[in-house]
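I opened this entry to record what I looked up in the structure shown below.

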Amino acid sequence: MDKDILIEYLPLYKEALLLTLKIGWQGIILAFVIGLIGSAILHFKVAVLKSIVGVYIEIFRNTPLLVQLFFIYFALPKVGIQVTAEACGVLGLGLLGGAYMIETFRSGLEAIPVIQTESAESLGMNNFQVLWHVILPQAITISVPGLLANVIFLLKETSVFSTISLMDLMFTAKDLIGMYAKTIECLFLLVVFYLIMLLPISILGALVERRMRYGQFGD
Amino acid sequence: MNKKLVKRLTGGLLVAGLVGASLTGCGSSSSSSDVAATGEDTVEAGSNAGFRTLDEIKKSGTINIGVFSDKSPFGYVDENGEYAGYDVYFAERIGEDLGVEINYVSTEAANRIEYLQTGKVDIILANFTVTEERAQEVDFALPYMNVALGVVSPEDAVVESLDDLGADDQIIVISGTTAETYLTKNYPDIKLQKYDAYAEAKTAFENGNGVAWANDNTEVIAFSLENEGYTVGIPSLGDQDTIAPAVTKGNETLLNWLNEEIETLGTENFFHADYEETLLDTYGAEYEETLVLEGGK
Amino acid sequence: MASLGIDVLFKGTNFLRLLQGLWVSIEISLISVVLSILLGLLVGVLMTVNNKVLHAILKVYLETVRIMPQMVLLFIVYFGTTRVFGWDMSAESSAIFVFTFWGTAEMGDLVRGSIKSIPTIQFESAAALGMDKVQTYFYIILPQTVRRLIPLSINLITRMIKTTSLVMMIGIVEVLKVAQQIIEANRKTSPNAAFGIFLVVFLLYFIVCWPISRLATYLEKRWA
């Protein structure tokens, strides 16, 4: 391996990491919001909306992100819907992630015993108060390990952004290999940067999982 | 107390270490095999993944040729699933004269050098422009086509000079092409929008994702002729270059054979016939003499 | 509708080629899943063995799979290994290798989980009956885990089929690449083909993956 080349390419990878994180986090926040709303709809069995959410989950869990992105980015403009590459990346990641987040939150919601809802109601809380003060804080806490797993999954999925011209880590590596054929150095930096991005989250996941176990009472 | 955490942390570090070590290891071993490859032409088959010599190819009965599968009219797949185009017409003839079957390998621009260096293909015949940087990585045979860079843009907003681009205007290029290298080097301030495949770049350009598309002028001229509403505002940018077949560095037997083949084909005006068969529909007769290079000169 | 490019599908053998491309994806997934299940059983059993060195190695392996995107692994195996070891792996075998590498880790973790959930008394009873370790695993433990694993491995199939869309990047002509080729060859006559063709590819993936994931959910509920 050539050290000079590594140093020369380093700034390009840093830039790519920032872009990956920028789009990644926006997409994850979108996914988070979709997840909260969608799981609430499913949990409270809201008519009509419930079936829409169901169809949405099935569609986005059963098609690859790459194909979703291709469709949004290359096909939709043909019928007059223009999306920039960055918006497409955020949207694609958010929609895909949302479908997974809903399931994660829902299992969090389901884990909370009915008696808590009943007790809260008997204290005179209304539906929204029950949800906001009693159910959600617990449900989100229970979902945290699943959520972090989703975050890692989604940040990994950003590697397909390269196909819609977003200069993420994967694209930078491919592009440099194509131009200068320094394959070894490029692949090495690629691995290192993914580790920098994802290892801390993976560690955080382990930490949270341990903490959570202390947080549970009785059982 | 933090046992699990520590474990995972060490796990991660070990991953980094292992990958690093294996890649470093490979750096040195690949360079040593390069030396072996250039020094010795008749390495035993299988022992060296670098390349296959002419004899090995003939003996195996199949040649692997890397072509584009989405770059009409040079290399594409027609509606019956057959490879076709200017490059493919030449490839067919190579197969015929070598007396072997052809296995076409669909390549993207950015993979071309990689494919040769890792021996995944014997020859790249994918509109490969001869440049100094590339010549350090692969061996080019005699050229068979002229090329320069060109820039195509929509008729209602023609880009005639790269200097009058707005600060936010993006130019579409394909990753691993000479257009990309040229613009990166000479116009570092222009924002490039890069795609892997020709099909993706063209669709994005049609969709209006960039103000212009820079590529080989052959390609952008073809695009403006085939699609209404586009003009080649900059027909020639940078140096006049040539396009040639490429083989893995050091594969002299195959290189020499290709050079002789191109010279011989010159005597029968093969590439003119190729042009008339594959490019005439797109370009008309007027580009024949500017594009075609016969007998390697 | 003609302007949206659906008609392009019926030209020549276009639609057939799309289906062939899809089959390439499915084939790679199926082979990888079968290999993953077999190797995953082995890795899962190994994970329950009390050996520090073994444990560390498997830990590193799992963490690698957890953190590295499949696309990165594909590139490393396809381009990297040729340079490191001089292996000339075809794109297809690289893809199967990477998918099996990934699937084995997932399966292994699942197998470990289900073995752990089997009460210790069963191991002890088996030992009391005079069975050795291999016999215990083969006759007592594994049969019980298999049932729990089937829905999960079916799920893995859909995830693999979805991930095969990446193999286009290492030059395998699968459904997405065929789609691009068709769009390119017909750009002149139907400039909007991108819409119709990508829509069809989208639907094709859904039609293949949806029934499989329904089946997995069904089995999971029934056998839980």
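**Notebook: chains B and C**

In chain B, I find that residues 24 or more positions apart account for 71% of the contacts with a separation of 6 or more; two residues are in contact if their C-beta atoms, placed from the backbone, lie within 7 Å. I note that this is a predicted model, in which local features need pLDDT of at least 70, side-chain atom pairs count only at pLDDT 80 or more, and totals for chains, interfaces and linings use all residues. Residues are numbered from 1 along each chain as its sequence is written, while chains are lettered from A and ligands numbered from 1 in the order in which they are written.

I looked up the secondary structure of chain B and found twelve helices and 13 strands. Helices (H or I, at least four residues) and strands (E, at least two) are DSSP runs, numbered from the N terminus. Of its 297 residues, 50% count as buried, that is, with 20 or more other C-beta atoms within 10 Å of their own, C-beta atoms being placed from the backbone.

I then examined helix α8 of chain B (residues 217-226), which is largely enclosed by the rest of the structure because seven of its ten residues are buried. Among them are V220(B), A222(B) and F223(B). The cover over the buried residues of α8(B) includes β8 (145-154), β11 (212-216) and α12 (288-291) of chain B.

For chain C, I recorded eight helices and zero strands. Of the 224 residues of chain C, 50% count as buried. The C-alpha trace of chain C spans about 75 × 45 × 25 Å along its principal axes.

How values were computed:
A residue is buried if 20 or more other C-beta atoms lie within 10 Å of its own, exposed if 12 or fewer, and partly exposed in between; C-beta atoms are placed from the backbone.
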